[in-house]
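These are my notes from going through one model. I took the points in the order in which I looked them up.

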Amino acid sequence: MKTIVAVLLLLLSFRDSYACDCNTIKGLKECDVAFNGKVLSIQRVDSVIVYYEITFAIDTVVKGKISNQNVTIIMPCLQDGCCGIPMHINDKFAVFAYIEDVGYNIGKRLQTDQCWETRKIQ
């Protein structure tokens with residue numbers, strides 16, 4: 001019986017490690033770059049870690065410096081449960097992104113996830 005309880009407690013301790021848990025949602029004040037744009041492409045990258053590169057056609061820059069008409073950000077996934085934001089080609093989004101050194105030889109990149117105000121717009 002002690003073994004069963006120990007195993008159950010061990011399994012429950014891993015429960016939160018896969019969920020996206022945001023204490024606060026960050027927005028314009030905290031982000032490095034904010035823009036409105038349309039999703040041009042979505043590419044899964046299988047590297048040391050799996051992530052997605054989403055390229056946007058920029059409509060309006062709200063904050064930060066973006067030198068190109070297109071910008072690529074990364075996300076950990078494209079589903080709600082893993083901090084991702086469901087996106088599809090031609091969707092329009094208000095994107096709030098931050099610059100992060102991802103590591104894994106990926107380097108500094110713009111990122112967003114569910115803990116930011118990034119949302120689909122019409």
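I started with G27 and placed it in the loop between α1 and β1. Helices (H or I, at least four residues) and strands (E, at least two) are DSSP runs here, numbered from the N terminus. I looked up the accessibility of G27 and got 3%, so G27 counts as buried. The cut-offs are under 20% relative accessible area for buried, over 50% for exposed, and partly exposed in between, with a 1.4 Å probe and protein chains only. I then listed what G27 touches, leaving aside neighbours within four places in sequence, and found F96, W116 and E117. Contact means heavy atoms within 4.5 Å. I also took the C-alpha distance from G27 to T118, which is 8.0 Å, with their positions 91 residues apart in sequence.

Before going on I noted the ground rules. The model is predicted: local features need pLDDT of at least 70, side-chain atom pairs count only at pLDDT 80 or more, and totals for chains, interfaces and linings use all residues. Residues are numbered from 1 along each chain as its sequence is written, and side-chain values use heavy atoms, with hydrogens and water left out.

Confidence was the next item. pLDDT is the predictor's confidence in each residue, from 0 to 100. The mean for the protein chain is 81, and 81% of its residues reach 70 or more. Over residues 2–18 pLDDT stays under 50, and the model has two contacts beyond four places in sequence for that stretch. I read nothing further into residues 2–18.

For the overall layout I counted one helix and six strands in the protein chain. Their order along the sequence is α-β-β-β-β-β-β. The protein chain has 122 residues, of which 36% count as buried. Among its contacts with a separation of 6 or more, 56% are between residues 24 or more positions apart. I put the accessible surface of the protein chain at about 8,000 Å², with 53% of that belonging to carbon and sulfur atoms. The areas come from the Shrake-Rupley method with a 1.4 Å probe, and for residues only the protein chains shown count as cover.

How many disulfides does the structure hold? I found one. A disulfide is taken as a pair of cysteine sulfur atoms within 2.5 Å. C22 and C115 form it, with their sulfur atoms 1.9 Å apart. The angle about the S-S bond is -80°, and the link of C22 and C115 is left-handed. It joins distant parts of the chain, 93 residues apart: C22 is in the loop between α1 (2–13) and β1 (33–46), and C115 is in the loop between β5 (108–111) and β6 (119–121). I checked accessibility at both ends: C22 is partly exposed at 24%, whereas C115 is buried at 17%. I also looked at C31, which is buried with a relative accessible area of 3%.

I searched the whole structure for aromatic pairs and got three. The rings of F56 and F93 have centres 6.4 Å apart and planes at 80°, so I entered the pair as edge-to-face. F56 is in strand β2 and F93 in strand β4 (residues 92–101), 37 residues apart. Rings of Phe, Tyr and Trp (its six-membered ring) pair if their centres lie within 6.5 Å; planes under 30 degrees apart count as stacked, over 60 as edge-to-face and the rest as tilted. F56 is buried at 0% relative accessibility, and F93 is buried at 1%. Another pair is Y98 and W116, with ring centres 5.0 Å apart and planes at 15°, so this one is stacked. Y98 is in strand β4 and W116 in the loop between β5 and β6, 18 residues apart. Both rings belong to buried residues, Y98 at 15% and W116 at 8%. I also noted that F35, F56 and F93 form one aromatic cluster.

Two loop positions remained. N90, in the loop between β3 (70–75) and β4, has a phi near 75°, a positive value in a residue other than glycine. Most residues other than glycine have a negative phi. S47 lies in the loop between β1 and β2 (50–63) and is partly exposed at 37% relative accessibility. The C-alpha atoms of S47 and I106 are separated by 9.0 Å, and the two are 59 residues apart along the chain.
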